[in-house]
Every structure is written in structure tokens, then in C-alpha cells.
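Work through the exercises below with the sequence and the structure at hand. Try each task before reading its solution.

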Amino acid sequence: MTTVNQQSEVNGKAYTVLPDQVTIKANLINAQATDCQTGERVSLVYFPQSEREAQKICQCSNTMKWMISGDERPIEPATNFNQFDSQRYYHQFHIYNQVRCKQLQIEIEQEANFFKNATFYVLACITILNLSPTHLPVIVSS
């Protein structure tokens, strides 16, 4: 996870965006996202075409995949005394680069099956607690 040296073009790159990582201010959408291929965290900036598009993105409650064409650049540090330092703020989230979206296509992932998730979490707990399957009835009945 490193900062890019200079602005570079991004074409058709996929990012995973969680619904609680999307914010809107005036006519600007900002999202903290994860590159689907590398796992790198980035800040995405998008100027929606309409207010309706902005509302649709911000009201989505499912995980989204954003397919983006745009420009990737390092996050700029503060240039004036007492100015908000975006670079310092985003570094605490391990975000070092920003992608300004020129074109955006969004795929909304379907909600995961509750039972599929529950099974995953039970198996994860068994693994973490290092329990044998014989302990499972005791845990479930408690």
C-alpha cells in the first residue's frame, strides 16, 4: 500500500464500496473503497450527473462494486497553516491515494443469505475458540 508518485489514468478498475462509507456534500460524492484486485484502500471522488443519481447511490444499503474510469493521484497534504490536512486524515484509514471518477458504473450486490452468514460465523467461532464439534450442542443450547 503506497502512494502513487503522480497522477495516472485508471480504466475499468473495480472497487468495493460499503454503504456506510459513502458521503455526499453538495454535488460531490466521496467514498472510501477497496480495490477488488489489490486490496488497496482509496478515496473515490465522483460528481454525479443528477441529484437523483446521487440519492440512489447514497440510499443504497447493500455493498456496491464501482467500475471506474478516471484519474488516480496521491492525496494532497495541507498547504496552509491550520488548514484541514486530508492526507493526514486518510492515512489513519490506510488510504494514500484518491481516484477522481470520470465514468462510473455501479453493480449492487444482492443481500447475502442470512443462514449462509450465520453458518460462516458459527464455524469461525468454533475455529477461533478451538472447539471440537462435540461442544456445538452446548453452545447452541446456551
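**Exercise 1: two strands and their hairpin**

Task: In which sense do β2 and β3 pair, and over how many bridges?

Solution. In this predicted model, β2 and β3 are joined by 6 bridges and pair in the antiparallel sense. For one example of facing residues, take Ala31, which stands opposite Leu44 in β3. Then go to the hairpin of β2 and β3, which has 5 residues between the strands. Here Gly39 has a positive phi near 80°.

**Exercise 2: the other hairpin**

Task: How many residues lie between the strands in the hairpin of β1 and β2, and which residue takes a positive phi?

Solution. Start with the pairing: 7 bridges link β1 and β2 in the antiparallel sense. Lys25 has Leu28 in β2 as its bridge partner. The hairpin has 2 residues between the strands, and Ala26 takes a positive phi near 50°.

**Exercise 3: closing the barrel**

Task: In what order do the 5 strands close into a barrel?

Solution. The order is β1-β2-β3-β5-β4, with mixed pairing. Neighbouring strands of this sheet are turned by 50° against each other on average, direction ignored. Next, follow β1 (residues 8-25) to β4 (residues 64-74): the two run antiparallel and are joined by 8 bridges. Tyr15 is paired there with Trp66 in β4.

**Exercise 4: helix and cover**

Task: Which strands does helix α1 touch?

Solution. Helix α1 (residues 51-58) packs on the sheet and touches β1, β2, β3, β4 and β5. Its direction makes about 75° with that of β1. Finally, check the cover of β2: with buried meaning under 20% relative accessible area, 6 of the 8 residues of β2 are buried.

Methods:
Residues are numbered from 1 along each chain as its sequence is written. This is a predicted model: local features need pLDDT of at least 70, side-chain atom pairs count only at pLDDT 80 or more; totals for chains, interfaces and linings use all residues. Side-chain values use heavy atoms; hydrogens and water are left out. Two strands pair if DSSP finds at least two bridges between them. Helices (H or I, at least four residues) and strands (E, at least two) are DSSP runs, numbered from the N terminus. Axes are lines fitted to C-alpha atoms, for helices over the stretch in contact, and angles run from 0 to 180 degrees between N-to-C directions. Contact means heavy atoms within 4.5 Å. Buried means under 20% relative accessible area, exposed over 50%, partly exposed in between (1.4 Å probe, protein chains only).
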